[in-house]
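The following exercises are to be worked with the sequence and the coordinates at hand. Each task is followed by a solution in steps.

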Amino acid sequence: MTKKTVQRVKHVPQRTCVGCRQVLAKRELVRVVRTAQGVRLDPTGKAAGRGAYVHALRSCWERALKGALAHALKTELSGEDREQLLAYVAQLPQEEESSESHPGQQGNDMMP
Ligand SMILES: [Zn+2]
């Protein structure tokens, strides 16, 4: 086991996406919170309860909903929870399979 050196430089709170395990600034991620009513999105990021964070990306949500989210929240997602989250995922934009951007044009235009 190798331990990573602790960095205490940044003031930005960082969280891990339960889908892809990337660590990012909290505001880059969507918070999900476990409430007495079930697992819900927390757009304010301030709801009380155990929270988990996921990218606003379908691929991350797919992985999260396959079990990572339930695991992170130490609960089971009910059918209703899942439905609400899937409704949210459904309105996210589709993403490209490849995350690589192709340099299509080499800014070749001449200034007049
Ligand atoms: Zn992610």
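## Exercises on the sheet, the core and two loops

Strands β3 and β4 run antiparallel and are joined by 4 bridges. The model is a predicted one, and the exercises begin from this pair.

**Exercise 1.** Determine the strand order of the open sheet of 3 strands, and state which strands stand at the edges.

*Solution.*
Step 1. Take the pair β3 and β4 and locate one bridge: Val32 has Leu41 as its partner in β4.
Step 2. Examine the other pairing of β3 (residues 29-35): with β5 it is antiparallel and extends over 5 bridges. One of the residues involved is Val30, whose bridge partner in β5 is Val54.
Step 3. Combine the pairings: the order is β4-β3-β5, with antiparallel pairing.
Step 4. β4 (38-41) and β5 each have a single partner strand, so they are the edges, and one side of each has no neighbour in the sheet.
Step 5. On average, and with direction ignored, neighbouring strands of the sheet are turned by 30 degrees against each other.

**Exercise 2.** Identify the helix that packs on the sheet and the strands it touches, then decide whether strand β5 is largely enclosed or open.

*Solution.*
Step 1. The helix is α1, which touches β3, β4 and β5; its direction makes about 165 degrees with that of β5.
Step 2. In β5 (residues 51-55), 4 of the 5 residues are buried, so the strand is largely enclosed by the rest of the structure.

**Exercise 3.** Find the residues of the largest nonpolar core that touch the most other members, and the element that gives the most to this core.

*Solution.*
Step 1. The core has 16 residues, and those touching the most other members are Val18, Tyr53, Val54, Ala64 and Leu69.
Step 2. Two or more residues come from each of β3, β5 and α1 (58-73).
Step 3. The most is given by α1, with 5 residues.
Step 4. Consider Ala64: leaving aside neighbours within four places in sequence, Ala64 is in contact with Val18, Gly19, Val54 and Leu69.

**Exercise 4.** For Arg21, state the sign of phi and decide whether the residue is buried or exposed; do likewise for Lys74.

*Solution.*
Step 1. Arg21 is placed in the loop between β1 (14-16) and β2 (23-25). Phi of Arg21 is positive, near 65 degrees, in a residue other than glycine.
Step 2. Arg21 has 10 C-beta neighbours inside 10 Å and therefore counts as exposed, the cut-off being 12 or fewer.
Step 3. Lys74 lies in the loop between α1 and α2 (79-90). Lys74 is not a glycine, yet its phi is positive, about 50 degrees.
Step 4. With 9 C-beta neighbours inside 10 Å, Lys74 counts as exposed.

Technical notes
Residues are numbered from 1 along each chain as its sequence is written. This is a predicted model: local features need pLDDT of at least 70, side-chain atom pairs count only at pLDDT 80 or more; totals for chains, interfaces and linings use all residues. A residue is buried if 20 or more other C-beta atoms lie within 10 Å of its own, exposed if 12 or fewer, and partly exposed in between; C-beta atoms are placed from the backbone. Two strands pair if DSSP finds at least two bridges between them. A nonpolar core is a set of buried Ala, Val, Leu, Ile, Met, Phe, Trp, Tyr and Cys residues joined through C-beta atoms within 7 Å. Two residues are in contact if their C-beta atoms, placed from the backbone, lie within 7 Å. Axes are lines fitted to C-alpha atoms, for helices over the stretch in contact, and angles run from 0 to 180 degrees between N-to-C directions.
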